[in-house]
Amino acid sequence: GMAFFFFFFFFFITPSASAVDLDFRFKDGYCQKAKAPGTNPEFFGECGNLTKSRFINKSFTDLNLLGGVFNSSYFYVTQIEGGNLSHASFRRSVLMQTSFRNATAEKMDVRGSHFKSVDFSNSKLPYFFATGTRFTKVNFRGCNLQNANFWGSLLQEVNFEGADLRGANLSRTFLLFAQLKGAQFDDKTQLP
């Protein structure tokens, strides 16, 4: 009985990210080692490849996840706050009750994902790539979303209060009950 409990606790409760750091680092616009492109499998860090992972009730702060790959992953009640998620990819992922507050995430790619009750408040998200993405009850309050691309996305009950939307593409979006008080726009902002 006790051995089974220990086995269960060790293998199912401990964090799943095993450190296989093959020294791939983000440089010149892509993850590489000696100019050869690649990622660090199962590594929760820079250029880590955590495709098809599950993060449930986890908390991470101030991590360097630059160039990380989280495609087709599932996030539930998870905090990834204050970290560097620039050039990270979350394509075709599901994120629910998750927080990215105060993150730096330039050119973050979330195409085809589903976000529900997610908090990005006060994050730096220039060139956020979010075409064909579903956002329900998502908080972008105070975010830098300059040149973000939301083309063809569903934006339902999204809070853009005080967000910088200069140069952002919101054309062909379905904008429903969005809060835009104090948001910044310019002549390059494309509205629905």
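Is arginine 101 buried, partly exposed or exposed, and what is its relative accessible area? Arginine 101 is partly exposed, with a relative accessible area of 34%. This value comes from a predicted model.

**Salt bridges across the structure**

A search of the whole structure turns up seven salt bridges. Three of them appear here, each with its N to O distance.

| Basic residue | Acidic residue | N to O distance |
|---|---|---|
| lysine 35 | aspartate 28 | 3.8 Å |
| arginine 101 | aspartate 119 | 3.0 Å |
| arginine 141 | glutamate 161 | 3.6 Å |

**Arginine 101 and its partners**

Arginine 101 pairs with aspartate 119. Arginine 101 sits in the loop between strand 10 (94–96) and strand 11 (114–116). Aspartate 119 sits in the loop between strand 11 and strand 12 (134–136), so the pair ties together parts that are 18 residues apart in sequence. Aspartate 119 is buried, because its relative accessible area of 15% falls under 20%. Glu81 joins in too: Glu81, Arg101 and Asp119 are linked in a network of salt bridges.

**Arginine 141 and glutamate 161**

Arginine 141 forms a salt bridge with glutamate 161. This pair links distant parts of the chain, 20 residues apart. Arginine 141 lies in the loop between strand 12 and strand 13 (154–156). Glutamate 161 lies in the loop between strand 13 and strand 14 (174–176). Arginine 141 is partly exposed, at 40% relative accessible area. Glutamate 161 counts as partly exposed as well, at 22%.

**Aspartate 28 and lysine 35**

The side chains of aspartate 28 and lysine 35 also meet in a salt bridge. Both residues are exposed.

Key
Residues numbered from 1 in each chain as written. Predicted model: local features only at pLDDT ≥ 70, side-chain atom pairs only at ≥ 80, totals over all residues. Heavy atoms only, no water. Salt bridge = Lys/Arg side-chain N within 4 Å of Asp/Glu carboxyl O. Buried < 20%, exposed > 50% of the residue type's maximum accessible area, 1.4 Å probe, protein only. Helix = DSSP H or I, 4+ residues; strand = E, 2+ residues; numbered from the N terminus.
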